[in-house]
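Reader: Please give me a close look at the side-chain contacts of this model and at the burial of the residues that make them. I would like each cut-off stated where its term comes up.

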Amino acid sequence: MTNVTVAPDGASPTRAIAYNTRMNRLFDKSIVLACCIAAALGLAVDARLVAAFCLGVVIAALAEVVQGNRARRANEAVSYAYIIAAVFVPSFVPFAPLAFYDIAQHVRREHAWPALGVATTFVFALVADYRAGTLPARALLLTAILSVAATLLSLRTAQLEREQERMRRTRDELQERALALEARNRDLADRQDYEVELATLAERARIAREIHDNVGHQLTRASLQAEALCVVHANEPGVAADFADVKRTVDEALQLVRASVHALNDNAVDLSVQLERIVEGARSDGGPQIELEVLAEHAPANVANCFAAILREALSNTMRHARAQNVTVRCMEHPSFYQLVVSDDGTGATKTNSRGIAEGMGLGSMRERVEALGGTFTAGPRAGAGGWRVFATVPKQQGDDAR
């Protein structure tokens, strides 16, 4: 018979299981101890009987308190010693079931021979005590029955502990799988959103090209034809004025089309999507781990194109000239400027010098792009740490915040 006890508040699941298991064992031992006391009734109360009772209770309690393999082995050895003492001292016999409970708790099939040997020796000791008449037959019979019952109860409780441990591991594995599936679903959803955003931006760019290449050219042609007809009919003021009105209308329509094309083109350039696309293209097996963090929204098309070109060139230089293990890319939007930082953890002065020589054109191109937008650009070894850092800032133009 087992009893389930609720663990104290705030205990972890593992500690709660251990607490419940310990309480189950203490409950079992309490029943066994009560039966042992009943078996000892009628015996003469002397110092040996009291010592046997106290030692049995102390050993049974310590078995649930000690921690660690060495302490448990020592307690198991003490339980064996108690059984051996019962063989020679009859007063220890009534409380031997407590020791059998602890021995059965730790016994394994491959190491069962010592326990079987001790149990056989104890049986012969009971028979010898019965023949010698040192203990009443009733006490010996109850002790034998209690020893078997305590052993079976201990084995049952140990089996219950193993089943609970197996269920806990199964629950933890299922929870880990559920968390992994949830993370994978989030990644798939993010990837799907990224693909949808990419397809939307590509479609906007295609529409802008179609309008620019077809409608824009046709309107430009109509404007040139109207201007030519104005020249042809210069001697006819009324007709020339009509063609001038047509030209003004066509020019207004052309300006509207150009504004729409520029708006579509600007909307088709998303900073985070461009940077993500470049990083995905740069990732490869055996290459450095690239970490991307974009904290910028509504960046203008010129800033997005500039940062995309800088990131592409910086990652190319890292792949060719650095032996970095990690690359960090951070793009941030501040109240008055946009910022891009690309850093790696490559070390060594030789690498730094080779970068400065071999990448003169690349660094110059990145600096020209940033300075054309009124920004600042620096590239060089990281201060106080190994590696290389590319740092670019572009100020916000008037109207960026409104956009």
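Author: Glu293 has a relative accessibility of 29% and therefore counts as partly exposed, the class between buried (under 20% relative accessible area) and exposed (over 50%), worked out with a 1.4 Å probe and protein chains only. The model is a predicted one, in which local features need pLDDT of at least 70 and side-chain atom pairs count only at pLDDT 80 or more, while totals for chains, interfaces and linings use all residues. Residues are numbered from 1 along each chain as its sequence is written, and side-chain values rest on heavy atoms, with hydrogens and water left out.

The partner of Glu293 is Arg330, and their side chains meet in a salt bridge at 2.9 Å, N to O, where a salt bridge requires a side-chain nitrogen of Lys or Arg within 4 Å of a carboxyl oxygen of Asp or Glu. Because Glu293 belongs to strand β1 (residues 289-295) and Arg330 to strand β2, the pair ties together parts that are 37 residues apart in sequence; strands here are DSSP runs of E with at least two residues, helices are runs of H or I with at least four, and both are numbered from the N terminus. Arg330, at 33% relative accessibility, is likewise partly exposed.

This bridge is one of 12 salt bridges that the structure holds. Another joins Glu280 and Arg283, again at 2.9 Å, N to O, and here Glu280 is partly exposed with a relative accessible area of 34%, as is Arg283 with 34%. In helix α6 (residues 137-232), Arg186 forms a salt bridge with Glu182, with 3.4 Å between the closest N and O atoms; these two residues are 4 apart in the helix and so are separated by about one helical turn. Arg186 is partly exposed at 47% relative accessibility, and Glu182 is partly exposed at 41%. Glu165, Arg168, Arg169, Arg171 and Asp172, in turn, are linked with one another in a network of salt bridges. Such contacts follow a general rule, that side chains of opposite charge can pair when their charged atoms come close.

A charge also meets a ring: Lys396 lies over the face of Tyr338, at 5.3 Å from the ring centre, the criterion being that NZ of Lys or CZ of Arg is within 6 Å of that centre and within 35 degrees of the ring normal.

Strand β2, which carries Arg330, also contributes to the largest nonpolar core, since it is among the elements giving two or more residues, together with α8 (271-282), α9 (301-321), β3 (337-344), α11 (360-372) and β5 (388-395). A nonpolar core is a set of buried Ala, Val, Leu, Ile, Met, Phe, Trp, Tyr and Cys residues joined through side-chain atoms within 4.5 Å, and this one has 32 residues, of which Leu271, Phe307, Ile310, Leu311, Leu315 and Val342 have the most contacts inside it. Helix α9 gives the most, with 9 residues. Phe307 lies in that helix and is buried, with a relative accessibility of 0%; its C-alpha atom is 8.8 Å from that of Gln339, although the two residues are 32 apart along the chain.

Aromatic contacts appear as well, for the structure holds 3 aromatic pairs, defined by ring centres of Phe, Tyr or Trp (its six-membered ring) within 6.5 Å, with planes under 30 degrees apart counted as stacked, over 60 as edge-to-face and the rest as tilted. One of them is the edge-to-face pair of Tyr82 and Phe92, 5.1 Å centre to centre with 65° between the planes. It links Tyr82 in helix α3 (residues 69-88) to Phe92 in the loop between α3 and α4 (96-106), 10 residues away, and both residues are buried. Phe100 and Phe122 form a further edge-to-face pair, at 5.2 Å and 70°, which joins helix α4 to helix α5 (residues 113-132) across 22 residues. Phe100 is buried with a relative accessible area of 8%, and Phe122 is buried at 3%. Helix α4 as a whole has 10 of its 11 residues buried, so it is largely enclosed by the rest of the structure; its buried residues include Asp102 and Gln105.
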